[in-house]
Amino acid sequence: MLSREDIYSTPEYAQKLYDMCPSENKQLVWHEHGEHSMLRSTDTEKYDGAIKAFVSENFVSQK
């Protein structure tokens, strides 16, 4: 998860890392607001929802 306001992990650098990652199970989730380590407190529902959805889609066995 990333913020467009992050001055440490810029959107361009985040995209570069994403592109370099060989995994097929990857996703970029952008937050419009929030500093480098403050994303969850800025939008807890979106942050937690994205993690739950990713884990559910990629790691929880489907019955």
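In the predicted model, the side chains of D48 and R40 meet in a salt bridge, with a nitrogen-to-oxygen distance of 2.8 Å. Both partners are partly exposed: D48 has a relative accessibility of 22%, and R40 has a relative accessible area of 42%. Because the buried class ends at 20% relative accessible area, D48 at 22% counts as partly exposed. D48 falls within α3, which spans residues 44-58, and R40 falls within α2, which spans residues 39-42.

The count of salt bridges comes to two. Side chains of opposite charge can pair when their charged atoms come close. Besides the pair of D48 and R40, a salt bridge links E32 to R4, whose closest N and O atoms are 3.2 Å apart. E32 sits in the loop between β2 (30-31) and α2, while R4 sits in the loop between β1 and α1, so this pair ties together parts that are 28 residues apart in sequence. The relative accessibility of E32 is 48%, and this residue is classed as partly exposed. R4 is likewise classed as partly exposed, at 43%.

The loop between β1 (2-3) and α1 also holds D6. D6 is buried but takes part in no salt bridge, and the nearest side chain of opposite charge, that of R4, is 12 Å away. A salt bridge requires the nitrogen and the carboxyl oxygen to lie within 4 Å, so D6 and R4, at 12 Å, do not form one. A polar atom of the D6 side chain does, however, lie 3.1 Å from the backbone nitrogen of S9.

The protein contains three helices and two strands, arranged from the N terminus in the order β-α-β-α-α. Its C-alpha trace extends over about 40 × 30 × 15 Å along the principal axes. Of the 63 residues, 16% are buried.

The largest pocket has a volume of about 200 Å³. Its lining is made up of M1, L2, A14, L17, Y18, Q27, L28, V29, A50, I51 and F54. Two helices, α1 (11-20) and α3 (44-58), each supply at least two of these residues. By class, the lining comprises 10 nonpolar residues, one polar residue and no charged residue. Since Gln falls outside the nonpolar and charged classes, the polar member of the lining is Q27. None of the salt-bridge partners D48 and R40 or E32 and R4 is listed in the lining of this pocket.

Conventions:
Residues are numbered from 1 along each chain as its sequence is written. This is a predicted model: local features need pLDDT of at least 70, side-chain atom pairs count only at pLDDT 80 or more; totals for chains, interfaces and linings use all residues. Side-chain values use heavy atoms; hydrogens and water are left out. On a 1 Å grid over the protein atoms alone, a cavity is a set of points where a 1.4 Å probe fits but cannot get out, and a pocket is an open set with protein on both sides within 12 Å along at least five of seven lines; lining residues have an atom within 4 Å of a point. Grid points are joined across faces, edges and corners, and a volume is the space filled by probe spheres set on the points. Helices (H or I, at least four residues) and strands (E, at least two) are DSSP runs, numbered from the N terminus. Buried means under 20% relative accessible area, exposed over 50%, partly exposed in between (1.4 Å probe, protein chains only). Lys and Arg count as positive and Asp and Glu as negative; His and the chain ends are not counted. A polar contact is a pair of N or O atoms within 3.5 Å; within protein, one must be able to donate a hydrogen and the other to accept it, and residues adjacent in sequence count only if both atoms are side-chain atoms.
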